[in-house]
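Grab a pencil and work through a few short exercises on this fold. Each task comes with a step-by-step solution.

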Amino acid sequence: MPIIVSDNSARLRPTSLHAGGVLDGSRVLETLMNNLQGMAYRCLDDAHWTMIFVSHGCTDLTGYTPSEIIDQSVISWEMLTHPDDRARVRHAIHVAANARRRFSVEYRIQTRSGELRWVVERGVAVSDEQGDRVIEGIIEDVTERRAMLDALAQAESRYRNIFEHASEGIFQTSSDGRYLAANPALARLYGYPDAQTLIDNLSDIGRRLYVDPTRRDEFHRLMQTHGEVLNFESEVYRHDGSRIWVSENAHIVRDAQGEFICYEGTVQDVSERRHYQAQLERQANHDLLTGLPNRVLLGDRLEQGIARAERLGCLLAVVFIDLDNFKFINDSLGHTAGDDLLTAIAERFSTTLRGSDTVARLGGDEFVLVLNDHDEVSGVISLLERVLSEIARPVTLSGREFQVGASLGVALYPEDGRDAQSLLKHADVAMYAAKDRGRNNFQFFTRELNRVAEERLNLEAAMRAALEQDAFDVHYQPKVDHLRRIVGVEALARWFHPELGAIGPDRFIPVAEETGLIVPLTTAILRRAFAAARRWNHRRERPLRMAVNLSPRLFLSGDIVAHIAGLLAEAGLSPTQVELEITETVFLGDSDRAVGILRDFKRLGVSLAMDDFGTGYSSLSYLRRFPLDIIKLDRSLVTGLEHEEEVAMIARAAISLGQSLRKTVVAEGVENQAQFDFLRFQGCDEFQGYLLSRPVPEIELSGLLADGGLIPKAPS
C-alpha cells in the first residue's frame with residue numbers, strides 16, 4: 001500500500017511495494033504539489049493545528065517555509081490565524097469532522113510580513129496510519145476576490161442612493177414581464193403609492209401595462225436584435241386606468257459568463273410631446289388619401305434612419321416605387337377607382353413592412369419605402385420580393401378584379417449616398433432602370449449589388465431545380481474519441497452545379513433559410529444520412545452516431561418530431577443512433593415551445609447537441625434548463641489555443657463546465673496535433689476537424705470504417 005511520510009523539507013515520499021521491488025513516485029507528487037495553487041496540508045486535531053505536512057505553496061501563501069510551520073518549529077497555524085476568526089474556524093471544522101463531512105471555511109491569516117490575507121480552507125477529517133484523527137486539505141488565497149466583493153458592495157450602496165432619489169423612473173424587469181426592482185419615481189409615474197406596491201401588483205407588464213400588448217413583443221425583439229432599446233415610446237396604463245405616453249431607454253444586463261440577468265432602464269413621461277406631435281402629423285405630415293407619411297414626414301424619417309444606420313453600422317435601403325398600369329385604371333375607371341387602388345396598395349405596404357420601416361406616398365402612384373436595420377443585402381432582397389408579391393395580388397375595383405405590378409428602384413446607405421436627397425435621387429434612377437427591364441421587378445442603383453441580387457435569384461431557382469432532381473450530395477466528417485477511433489459522423493450538405501460549379505454551404509444555406517427551401521433541403525439530407533447510417537451500423541458492434549444539423553426554422557415547425565420519426569422509420573434506423581444539432585437561435589424566441597420540442601425529441605430517443613457553443617449569446621441557463629446531451633465547442637474556442645493562453649483557459653473552462661454538467665463535450669475545428677493533445681488532456685470526449693479528416697463522400701468513409709475505423713496519427 002502507499003506509505004506517506006514527512007521530513008523537514010515537507011515533501012511527500014510515496015512508495016509502492018510490490019514483488020519486483022520499489023517504484024518511487026516522489027517526482028510525480030512533487031511536481032503536483034509545486035504547481036498547486038495554494039497550500040496542501042495534513043495537521044493534528046489539536047489546540048495548535050500542529051502541521052505534520054505542508055506543501056511548498058505555504059511560502060507564497062504565508063511567507064514561512066514548510067520547515068518553519070511543521071511541528072510549530074517557528075510558528076503554529078493557530079497563531080497564523082487571525083484571533084477574531086480562530087473560534088469560528090475551529091467550530092466549523094469540528095462540526096464537519098464530527099459529522100464526517102467535508103468542510104469549507106473562509107478566514108484571515110497574518111503573513112510573516114504582517115500582511116492580512118483572506119483564505120479559504122477546504123478539507124476533511126480522516127484517520128491516519130495509526131488510526132488517529134487528522135485533518136487534510138488545501139488552503140487558497142482569496143484576498144483579491146474578497147476585495148472585489150467589498151468594492152462591489154460599496155458600488156451597490158452608491159447605486160442604491162442614486163436609484164432611490166432619481167427624478168426619472170428606473171426599473172429592472174425579468175424577461176417574462178415581472179418587475180424585479182422599481183424606484184419611487186417610477187411608482188409615482190405609474191400612479192402607485194410606493195415601489196413595492198407597484199412590484200407586487202404589476203405582475204404582467206405586457207398585458208397590464210402596455211395599452212398595445214404587442215409593444216412588449218417589440219421590446220423583446222429589439223433587445224434580442226440590438227441588446228438595447230432607445231427612446232422606445234409606448235402608451236401605458238396608470239394604476240387608476242388613465243393613459244400616458246412614456247419613453248424607455250433600456251438594455252440587457254448579463255453576468256460575466258454572458259447569461260441573461262434582467263432588463264434595466266429608465267422611463268420618462270412624454271405624453272405632452274406625443275399629443276402635440278400627433279396633432280402636427282395629422283395636419284401636416286400625412287397623406288390625406290392613404291394616411292401614409294407624406295414628403296415632409298418622409299424626409300424626417302429618412303434623416304432618422306440615416307443617423308441610426310450610421311450609429312449602428314447597419315444598412316438602410318430607400319426604395320422608390322412606381323405602380324405599373326395605374327394610369328390605365330385611373331383613366332378608364334375614373335379617379336374614384338384610382339383612389340381605391342392607391343388605398344388598397346398602401347394597406348398592403350403597411351402589413352408587409354416592419355414597424356421600424358416607413359412607407360410614404362409622394363403623390364400620384366409614387367411611393368417610397370425606408371427599410372431600416374438590415375445587416376445583409378439578402379434581407380433587403382427578400383423583403384422586396386414580398387413587396388412585389390403583395391402588389392401583384394388582384395384588387396377588386398368597380399366590381400372587377402385587376403392586377404397591377406410595380407417598378408422598384410433601390411439605393412443603399414452609405415454606398416449609394418450619405419444624405420436623404422442623394423438616396424432619393426439614386427433610388428429614382430434605379431426605378432427607371434427597373435421600368436426599362438420590363439417592369440414588375442426591382443433594380444439596385446449599384447451595378448455590383450444588381451449582380452448580387454441577380455445571382456441570388458438565379459441561385460434560388462437553381463436550388464429549386466436541384467431539389468426536384470435530388471442533386472444535392474452529402475459528405476460526412478468523422479468524429480473520433482481520444483484514441484482516434486471513429487465514433488460518429490456529421491452529415492454536411494454539398495452541391496455541385498453543372499454550370500455554376502461547386503457552391504459552398506455558406507452561399508446556399510442562407511438562401512435556403514430565407515426562401516423556405518431549408519425544409520426540403522434538410523429532409524433530403526436526412527434521408528441520405530439515415531440510409532447511410534443504417535448501412536454502416538448493420539451488424540456493427542458499436543454503432544456510429546449520425547449527427548445532422550436542424551435549422552431554427554425547421555426545428556420550430558409544428559410537426560418536426562413526427563417528421564423526424566417518420567424518416568427514421570423509413571430508413572429503419574434506431575433513434576439512439578442519431579444526434580440532432582441545434583443552435584441557441586431556437587431559444588431566443590418562444591423558449592417554452594423550444595423546451596417542449598426538445599422533450600418530445602428526448603422521448604423519441606435521439607440525442608440533442610448544442611452546436612457552436614461559445615458564440616452568440618450562449619446562455620449557460622440553456623445547459624441547465626434544456627435537456628441537451630452534447631455541447632460542441634465552436635472552432636473559435638479551439639483555434640490558437642496551443643499558443644494563446646486566454647484561448648486555452650476558455651477552452652479548459654468550457655470542457656470543465658461540460659464535465660460538471662455530465663454532457664458529452666465535442667471539439668470542432670481541431671487542425672493540429674497540439675490542439676488535439678491539449679483537448680484530450682483536458683478531458684474532451686470527442687474531436688472533429690481537418691487534423692483527423694475533412695468531410696468525405698460516403699464511399700470514402702466506408703473505406704475508413706472497413707480499415708478498422710481508426711484514423712492514424714500523421715507522421716511528424
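**Exercise 1.** Work out which strands helix α10 lies across, and how α10 runs relative to β10.

*Solution.* Start with the helix: α10 covers residues 214–226. Next, look for contacts, meaning heavy atoms within 4.5 Å. Helix α10 lies across β8 (169–173), β10, β11 and β12. Then compare directions: α10 runs at about 175 degrees to β10. Such angles run from 0 to 180 degrees between N-to-C directions, with axes fitted to C-alpha atoms, for helices over the stretch in contact. Helices (H or I, at least four residues) and strands (E, at least two) are DSSP runs, numbered from the N terminus.

A note on the source: this is a predicted model, where local features need pLDDT of at least 70, side-chain atom pairs count only at pLDDT 80 or more, and totals for chains, interfaces and linings use all residues. Residues are numbered from 1 along each chain as its sequence is written, and side-chain values use heavy atoms, leaving out hydrogens and water.

**Exercise 2.** Put the strands of the open sheet in order and find its edges.

*Solution.* Two strands pair if DSSP finds at least two bridges between them. Following the pairs gives β9-β8-β12-β11-β10, with antiparallel pairing. β9 (179–182) and β10 (228–237) pair on one side only, which makes them the edge strands. Now zoom in: β11 (residues 243–254) and β12 (residues 260–269) share nine bridges, and I252 sits opposite Y263 in β12.

**Exercise 3.** Is N231 buried or exposed?

*Solution.* First locate N231: strand β10. Its phi is near 50 degrees, positive though N231 isn't a glycine. Now apply the cut-offs: buried is under 20% relative accessible area, exposed over 50%, partly exposed in between (1.4 Å probe, protein chains only). N231 has 54% relative accessibility, so N231 counts as exposed.
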